[in-house]
Amino acid sequence: MISLLEVSGVSKTFDGFRAINNLSIQINEPELRAIIGPNGAGKTTFMDIVTGKTRPDTGQVLWGERNESLTGLSEAEIANRGIGRKFQKPTVFENQTVRQNLAMALKNPRGPLAALFFKEPQTDADRINEIAGEIGLADQLPRPAGELSHGQKQWLEIGMLLAQDPRLLLVDEPAAGMTAEEREKTTDILKRAARTRAVVVVEHDMEFVRRLNCKVTVLHEGHVLAEGSLDHVTADPTVIDVYLGRSDA
Ligand SMILES: Nc1ncnc2c1ncn2[C@@H]1O[C@H](COP(=O)(O)OP(=O)(O)OP(=O)(O)O)[C@@H](O)[C@H]1O
């Protein structure tokens, strides 16, 4: 296990409002991490900063073994380092089959370094079958993606990101709009994906976070309020006060 992402002392102000306030978060490889917090806590802005969509005013975002600074890089350069992001809304190609969607994602290698991590050459067909198995869609490969359920579309998009072989996968509210059964399968998919990489999940659904069974970071007003197991953070009086006691939790 190595330290993969080191966010330290990061602040970001929008029109005088401090959305991120001296934020420090460290993510290991491999690791599964849940980030929770009330609306406006800075969860999305944190992901925007890591992916280069938003530039921090101060602080450092360091990546990988060489502690490379990400703050000066473009979004494309950061993606090429191996950082994938799954937004809340699935964006699969509805008219293409599941297989075609995965094939397209494979045709888009994230950079020359990606090839080095392959231990042996694998055909696209093998890789597609492997990913389809990982995301529970092995029997759906010939179906147009538009026919899939909401949950299946989310899994397909996770599969398309896995096809890029990311070292860090950021996932925004994967459980939203899913049935209980879909939520359960989604936790399995994310846990499996996190065996060999870092997966950071932003989620409001506490049952979902409980099933992830991982370290939890609680954000509040742009900084870390508490960190540890879900039982540990939910027993913290400050967390109860600012988050769990509120109706939007
Ligand atoms: N581009 C922007 N311009 C102005 N204010 C912004 C911008 N992006 C975020 N903010 C503000 O920063 C704060 C943090 O927002 P952010 O979306 O990161 O919170 P969040 O924890 O993801 O919330 P939610 O759970 O509602 O998605 C909010 O008050 C938001 O209005």
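# Two sheets, a ligand shell and helix 3 with its partners

Strand 1, residues 2-14, runs antiparallel to strand 2, and the two share 9 bridges. That pairing belongs to an open, antiparallel sheet of 4 strands, while a second open sheet has 6 strands and mixed pairing. Keep in mind that this is a predicted model. Below is a quick tour of the sheets, the ligand's surroundings, the helix packing and a couple of backbone oddities.

**The 4-stranded sheet**

- Reading across this sheet, the strands come in the order 2-1-4-5.
- Its edges are strand 2 (17-29) and strand 5 (68-69), each of which pairs on one side only.
- If you want a register marker for strands 1 and 2, take E6, whose bridge partner in strand 2 is Q26.
- As a reminder, strands in a sheet pair through backbone hydrogen bonds, in either a parallel or an antiparallel way.

**The 6-stranded sheet**

- Here the order is 6-7-8-3-9-10, and the pairing is mixed.
- Strand 6 (83-86) and strand 10 (223-228) sit at the edges with a single partner strand each, so one side of each has no neighbour in the sheet.
- From one strand to the next, the twist averages 20°.
- On the parallel side of the mix, strand 6 pairs with strand 7 (residues 168-172) over 4 bridges.
- R85 gives the register there: its bridge partner in strand 7 is L170.
- For the antiparallel sense, look at strand 9 (residues 215-220) and strand 10, which pair over 5 bridges.
- Within that pair, T217 stands opposite E227 of strand 10.
- Strands 9 and 10 make a hairpin with 2 residues between them, and E221 in the turn has a positive phi of about 50°.

**Around the ligand**

- The ligand is surrounded by F14, D15, A19, G37, N39, G40, A41, G42, K43, T44 and T45.
- Helix 1 (residues 43-50) is the top contributor to this shell, with 3 residues.
- Sorted by class, the shell has 6 polar, 3 nonpolar and 2 charged residues.

**Helix 3 against helix 6**

- Helix 3 (residues 98-106) packs on helix 6 (residues 150-162) at an angle of about 30°, and the axes are 8 Å apart.
- Angles under 35 degrees count as roughly parallel, and helices 3 and 6 are therefore roughly parallel to each other.
- Their crossing is right-handed.
- On the helix 3 side the contact uses V98, N101, L102 and A105, which meet L156, G159 and M160 of helix 6.
- This contact has 5 nonpolar and 2 polar residues, with no charged ones.

**Helix 3 against helix 5**

- Helix 3 also packs on helix 5 (residues 124-134), at an angle of about 115° and with the axes 10 Å apart.
- This crossing is right-handed.
- Helix 3 brings V98, R99, L102, A103 and L106 to the contact, and helix 5 brings D124, R127, I128, I131 and A132.
- By class, that makes 7 nonpolar and 3 charged residues, with no polar ones.
- V98 and L102 are worth clicking on: they appear in the contact with helix 6 and in the contact with helix 5.

**Backbone oddities**

- The peptide bond from E29 to P30 is cis, with omega near 0°.
- You'll find P30 in the loop between strand 2 and strand 3 (31-36).
- D165 isn't a glycine, yet it has a positive phi of about 55°.
- D165 lies in the loop between helix 6 and strand 7.

Notes:
Residues are numbered from 1 along each chain as its sequence is written. This is a predicted model: local features need pLDDT of at least 70, side-chain atom pairs count only at pLDDT 80 or more; totals for chains, interfaces and linings use all residues. Two strands pair if DSSP finds at least two bridges between them. A residue is near a molecule or strand if its C-beta atom, placed from the backbone, lies within 6 Å of it. Ala, Val, Leu, Ile, Met, Phe, Trp, Tyr, Cys and Pro count as nonpolar, Asp, Glu, Lys and Arg as charged, and the others, Gly among them, as polar. Axes are lines fitted to C-alpha atoms, for helices over the stretch in contact, and angles run from 0 to 180 degrees between N-to-C directions. Angles under 35 degrees count as roughly parallel, over 145 as roughly antiparallel, 65 to 115 as roughly perpendicular and the rest as oblique. A crossing is left-handed if the near helix is turned anticlockwise from the far one by less than a right angle, and right-handed if clockwise. Two residues are in contact if their C-beta atoms, placed from the backbone, lie within 7 Å.
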